[in-house]
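Here is a short report on how two domains of one chain meet. Look at the structure first, then read on.

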Amino acid sequence: MKNKEPLILVVVVAFTLLTYWLVEPFAHSQMHKHVESQNFAYADLPALTKSGDAANGKALVTGAAACIGCHSITKDGVPAGMDAVTAAGSYGVNPPDLSNAGVIYDAKFLADLIKNPAHALNVAHKFDAAKGQMHPMIAFAGAGGDIDQEVADMVAYLQSIAVKADQLTPKMAFEEACGRCHTMKYENWTQLGTKPEYKFEKESLAYDIKVLEYQEALTKYMGKLPPDLSMYFRSRNEHFLSTFIENPQSQLAGTAMPRVGVTADAAHKVIEHMADAGDTKRHERESVGKNVMIFIIIFAIFALLWKKQVWRDLH
Amino acid sequence: MAHFTKATSVKDWLNQRLAIEKVEKVMASEYWIPKNINFLWAMGMVLAITFALLLVSGIFLLMYYQPDVKDAFYSVNYTIMRDVDFGWLWRHVHGVAASVVFLIIYIHMFTGIYYGSYKKGREMIWISGMLLFVTFSAEAFSGYMLPWGQMSYWAGMVITNIFSLGGLHMDGLVEWIRGDYVPAQAFLTRFFMLHVLLLPLAIMGLIGLHFAALRLPHVNNQDGEEIDFDAESKKYLAGDKAGSKVMRFANDFMSKDMMVVGIYLIFFFYLVFFQYGFALDPVNFDPADGLKTPAHIYPEWYFLWSYEILRPFSVNIGLMAFGFAQVIFMLLPWLDRSPNAVPASRRGAFSIWFWLLLIDMIVLTAMGKLPPEGIFSTIGLVAALAFIVLWIALPFITMNEKKV
């Protein structure tokens, strides 16, 4: 009698793979539109034409009534004018500390942001000057000289004080770029920072109340409390996260989330931090996986040899 | 009372009280299996192993899972996935096994249909098998509620809502099932109970029945051959192992079972570690939010074909078609009027029916996941109608089948 098993195996595997392909790759390609990555080139933003002078930039950034009216630069000894909760009450969201802005955000983006915040952030649809809806960050109108040169100087200053790209950790990138709107509960991260360990419940609750107050202001500003990102690495795929960070409007038109303007390197680090929170055991999974596969293959070989031995007498 | 003598060994002691030798013969060494079978006959053992994996991984998960709407998601995604050593491994094994077990069930089912293994005294094997399919489905659904993610919540909402649809309008029943107007704490706790106690008990009982149903009619073989098990087993016991048409369950058949299990486990653990996305849906890694309906709600892949039979019709007709799809497989031994218990390849029109049914169910499965728009809803409608027509046609095409 002819051995039909290879043919049966081919039929079973073919139908299984066909079904898998239909319900997984094919169905998902139909359900979600594909957004091509632009590699964080921000091609819609004008290129920097001037080379900046950091010393001059420092004067512009830290001058009276300039950036530090709202932003802190802890690295250069400029403290925040008000605490985060009060700031959120005033602006909707706590303005970022600028110490590392120069390494996290793209230079073109920073330049455009200084001149026209709503444009760079891709949130012009949320603000209508005619109705008195102004973006909380005031556009820089120039300090009297060539505005493009001044902006280039400011960007150069921010770049000069920031840590080097290789010193920017995934945690820093996430906390600075995302962490004033998003919590990451599994990493103990709140919009006010990492929640300290308190000895007394009263202190812990007092901290929580401050977070809630911040979130109240944030919710009012954004229309909805931005989601906790603890598990986003598992609930969204890497490509989605990357293209969403690059331009939220491309995946979710009309969303209140701004384009944050991170560099490709910073985006990569943000996603790595999300993996560190949502898929903590991925390295262990790989190494355990390899060992289990080796074990099972050896088991299968022994099972095969046992079958051959037992069946020798049966034929 | 039976006569007991002083035991000569532990084995003898047990033998006098439990008849272990007799049990061993009945269950293993003199449980005769035909030799002309292929690897598809090992699917029962593959299912038993997969069920064991589900049971063991489930026990470990149960030690940390919290059936509370406030804590469930956290207990799964924080406690189990990152806090507990190897908690992620148990969850991946559990999730992947829950999906793969249905792949094997479908292979096992279609093997039964292809070789006519529900006929001539094997009806109870088929019935108990279909009851297992139903309880496994309920087990899978109830388990899917437990992580309390977006898909848990919304699948729970949509599926329990079925009873309130159209002419059924059983809103009271829906509330009774949920224990609330919407899926909430009462809903989660009762599905937790079903998942970890009532349904596993039912499954284990049914597995016992499924095995018992197999004992008298014996396993079918791939040639549809009628084997005289008494004569063939005598031949085997007399020493003509090669000449006999039958073999022992253990170790003869068991060794082949384990070979298939070994190959299966390579595939299984590959999925557990490297390709688990199909079984652990990304959407369910978002916590349940009753105010945010996901853009696409779909059941797990193994329910898609029956979901697609519900979907393309108007509400009342859809419900009837859905009900039809749920019970029709159970009636297969009586809808197939042919006297032949042989492989489909030798049964003419039935062979065409078999392959059409298989392809139709794959088409339904694909359409059940795709958004019901444009060409996909048309294909879905045609496939759903084809499913119903195929089953209605079955008695007619088998009635006139010639005896082979």
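Domain 1 of chain B and domain 2 of chain B bury about 3200 Å² between them, in this predicted model. Carbon and sulfur atoms give 71% of that area. Buried area is the accessible area (1.4 Å probe) that two parts lose on being put together, summed over both. Three residues lead on the domain 1 side: B:F110, B:Y114 and B:K119 supply 22% of the area that domain 1 of chain B buries against domain 2 of chain B, more than any other three residues.

The domain bounds, from an automatic or database domain assignment, are listed here with the residues each domain brings to the contact (heavy atoms within 4.5 Å).

| Domain of chain B | Bounds | Residues in contact |
|---|---|---|
| domain 1 | 33-291 | 36 residues |
| domain 2 | 298-404 | 35 residues |

The domain centres, taken over C-alpha atoms, lie 22 Å apart.

What charged link crosses the interface of domain 1 of chain B and domain 2 of chain B? The rule finds one salt bridge there. A salt bridge needs a side-chain nitrogen of Lys or Arg within 4 Å of a carboxyl oxygen of Asp or Glu. The side chains of B:K119 and B:D336 form a salt bridge at 3.0 Å, N to O.

By class, the side of domain 1 of chain B that touches domain 2 of chain B has 24 nonpolar residues (Ala, Val, Leu, Ile, Met, Phe, Trp, Tyr, Cys and Pro), seven polar (the others, Gly among them) and five charged (Asp, Glu, Lys and Arg).

Local features need pLDDT of at least 70, side-chain atom pairs count only at pLDDT 80 or more, and totals for chains, interfaces and linings use all residues. Residues are numbered from 1 along each chain as its sequence is written, chains are lettered from A and ligands numbered from 1 in the order written, and side-chain values use heavy atoms, without hydrogens and water.
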